[in-house]
Amino acid sequence: MLFHHNGYVSGDPRVQPAAGVGVDRSAELPEAMDVLVVGAGPAGMTATAQLASFPEVMTCLVDRRPERLGIGQADGIQARSVETFQAFGFAEEIVAEAYHLTEMNFWKPDPQESGHIIRTARAVDDPAGVSEFPHLIVNQARVLDYFARFARHAPSRTEPYWGWEFVSLEVGEGEYPVTVTLKRTGETPDGGVRPGETRTIRTKYVIGGDGAHSKVRRDIGAQHVGAVSYHAWGVMDVIAESDFPDIRTKCAIQSEHGSILHIPREGGFLFRMYVDLGEVDQNDAGAVRKTPIESIIAQANQIVSPYTVDVKDVAWWSVYEVGHRVTDRFDDVLAEDVGQRHPHVFIAGDACHTHSAKAGQGMNVSIQDAFNLGWKLGHVLTGLSPESLLSTYSAERQPVAQKLIDFDREWSSMMAAKPEELESATALEDYYQKTAEFPAGFMTEYPAGLLVAEASHQALASGFPLGKRFKAHPAKRVSDTTPHHLGHQHTADGRWRIYAFADAAVSSASDSALRTWAEWLDSETSPVRRFTPAGRDLDALFDVQVIYQQPHEEVELMKAPSIFRPQVGRFQVSNLNKVWGVDPEDDIFEARGLSRDGAIVVVRPDQYVSAVLPLTATDELTDFFEPIFTP
């Protein structure tokens with residue numbers, strides 16, 4: 001975390017100075033705004049937090065609830081989400097309070113004792129080490145609290161407007177083309193109570209994060225394609241006395257009486273069980289959802305026999321049928337109009353993909369939807385990028401959702417199957433380990449296009465695949481000699497990262513490929529000078545960092561090119577935190593397959609690798625950025 005560059009900070013440095021629309025933010029919902037976010041769930045809160053980093057953008061978040069969510073239905077936090085939390089500045093805190101998933105145990109019918117179960121296998125949760133962060137369990141409400149805090153402390157001082165329900169929208173023309181009708185469900189800021197009051201507001205863009213029954217999706221005519229599986233599950237968060245030996249370990253339990261996905265919760269005592277209630281008649285008409293909690297508890301005890309679960313307290317419970325649906329598009333542009341007009345309404349999260357909770361994907365994928373969209377809206381609304389950038393949201397995220405649905409359909413079917421119905425005795429645990437990277441969030445790979453370059457030079461950095469998230473790795477910062485994961489410097493501030501991995505020459509060399517490239521990047525013809533807004537710090541849009549091949553002791557900081565030591569802040573002092581050396585015991589060049597001739601790795605604001613280029617490819621770097629930015 002960097003601060004003091006605008007003057008001494010004696011308080012919490014996470015509370016940034018109010019700027020732009022945050023200087024005089026009203027408690028009343030304004031009549032016109034840049035972005036209206038509907039729904040304060042994971043998608044809505046993440047989008048709001050990202051947009052809050054753009055002080056010129058008026059973002060308003062509305063939710064029909066009267067106050068913050070108390071108990072969330074989602075609780076699984078995949079490692080990719082924790083990487084995202086790091087960008088928003090709260091990974092360390094949430095890791096400390098969460099339950100850490102390190103193993104998954106598998107239980108099956110005891111062949112020696114009918115009606116009983118025995119443990120048959122243990123599986124390490126992340127055998128491949130795909131992330132430096134763990135797989136967590138923590139209440140969804142806490143995740144939303146952290147995103148809300150980020151937005152509250154950001155320059156635009158964005159707070160949710162509680163007690164407003166979305167009614168309808170229409171897209172027209174003009175500066176504020178979207179007209180939205182809202183209905184008040186709770187108290188007014190002055191303490192009055194006027195439920196049912198309606199208001200019409202105007203906005204440039206709308207993000208619908210309003211859940212599986214999204215009215216925003218309805219109004220843009222997007223089709224939710226898929227079906228219900230007609231298999232019911234009861235889910236309960238409980239505190240119980242139990243002799244089940246794995247009560248504090250994640251388990252997949254298959255018995256003669258059905259299945260349970262068992263997930264311990266944070267805090268050391270609470271746990272969640274997804275309890276198999278069996279097939280549902282197609283004419284059931286939702287009657288199974290009235291199954292009482294007592295029946296769910298009884299079914300759980302039958303499944304875990306010979307063990308018992310004596311429930312002392314129920315924090316939350318529900319009954320649902322698994323549905324697998326994905327929306328045909330994630331914005332308001334019809335297929336025949338793609339390329340002819342730009343979108344103004346977007347949907348994210350459960351509004352565009354619904355699935356079972358078995359793989360813990362709902363909240364995680366919703367967060368990535370919003371992270372993808374938020375910075376793009378920020379770029380367009382601040383004049384950094386043309387509106388064409390916004391079409392990449394649906395193009396990138398809809399295929400990801402489809403792959404999620406395909407994966408979840410197979411996983412949830414296997415969870416519901418009887419052991420004898422699977423192709424082998426170890427089919428469930430084998431599938432869990434084989435597909436570990438997908439639910440962890442690391443199989444997303446955006447295709448080549450506006451924001452991802454062709455893979456012509458991928459061999460220069462084989463460990464940073466194009467279109468996939470930038471996988472962090474330790475290096476040593478030269479200025480203070482401390483080790484850090486390089487990717488952890490990538491905060492959710494809307495900036496692009498350009499990592500220059502140097503050729504073998506030392507920092508003081510006057511004729512190295514790295515120095516030639518750096519001097520070009522500091523020239524008036526480079527993308528950094530052309531696209532950074534006038535009057536802003538040189539690193540306001542592009543955070544340019546260099547990693548030398550030598551250990552930090554051998555790198556002369558003050559002889560590194562000046563582009564890596566930009567002057568910033570009110571007093572225009574040099575930022576000396578962008579020059580790195582390798583850790584000889586864990587060399588990033590070796591670990592990430594980086595060419596010893598050097599390489600440039602460009603990373604988008606949402607942490608995905610956009611381009612890999614040689615140090616000589618100045619024209620290619622210029623050509624890549626040209627359609628993305630407005631000079």
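The buried residues of helix H2 are covered by surroundings that include strand E3 (76-77), helix H3 (91-97), strand E7 (135-137), helix H4 and helix H7 (362-381). The model in which this environment is described is a predicted one. Helix H2 itself, residues 79-87, is mostly covered, with 8 of its 9 residues buried; the buried residues are Ala79, Arg80, Ser81, Val82, Glu83, Thr84, Phe85 and Ala87. After H2 comes Gly89, which has a positive phi, near 85 degrees.

Two of the elements that cover H2, strands E3 and E7, also take part in an open sheet of 3 strands, in which the order is E3-E7-E4 and the pairing is antiparallel. Because E3 and strand E4 (99-101) stand at the edges and each has a single partner strand, one side of each is left without a neighbour in the sheet. The antiparallel pairing of E3 with E7 extends over 2 bridges, and Ile77 stands opposite Leu136 in E7.

Helix H4, another of the elements covering H2, also packs against helix H1, and a second helix pair is formed by H10 and H13. Two packed helices are described by the angle between their axes and the distance between the axes, and the table sets out these values for both pairs.

| Helix pair | Residues | Angle | Axis distance |
|---|---|---|---|
| H1 and H4 | 42-51 and 140-153 | about 20 degrees | 8 Å apart |
| H10 and H13 | 513-521 and 618-625 | roughly 40 degrees | within 11 Å |

With an angle of about 20 degrees between them, H1 and H4 are therefore roughly parallel to each other, and their crossing is left-handed. On the H1 side the contact is made by Pro42, Met45, Thr46, Thr48 and Ala49, while H4 contributes Gln140, Leu144, Phe147, Ala148, Phe150 and Ala151. Sorted by class, the residues of this contact between H1 and H4 are 8 nonpolar and 3 polar, with no charged residues.

For the other pair, the axes of H10 and H13 cross at roughly 40 degrees, which makes H10 oblique to H13, and the crossing is right-handed. Here Trp517, Trp520 and Leu521 in H10 meet Thr618, Leu621 and Thr622 in H13, and by class this contact of H10 with H13 has 4 nonpolar and 2 polar residues, again with no charged residues.

Notes. Residues are numbered from 1 along each chain as its sequence is written. This is a predicted model: local features need pLDDT of at least 70, side-chain atom pairs count only at pLDDT 80 or more; totals for chains, interfaces and linings use all residues. Side-chain values use heavy atoms; hydrogens and water are left out. Axes are lines fitted to C-alpha atoms, for helices over the stretch in contact, and angles run from 0 to 180 degrees between N-to-C directions. Helices (H or I, at least four residues) and strands (E, at least two) are DSSP runs, numbered from the N terminus. Angles under 35 degrees count as roughly parallel, over 145 as roughly antiparallel, 65 to 115 as roughly perpendicular and the rest as oblique. A crossing is left-handed if the near helix is turned anticlockwise from the far one by less than a right angle, and right-handed if clockwise. Contact means heavy atoms within 4.5 Å. Ala, Val, Leu, Ile, Met, Phe, Trp, Tyr, Cys and Pro count as nonpolar, Asp, Glu, Lys and Arg as charged, and the others, Gly among them, as polar. Buried means under 20% relative accessible area, exposed over 50%, partly exposed in between (1.4 Å probe, protein chains only). Two strands pair if DSSP finds at least two bridges between them.
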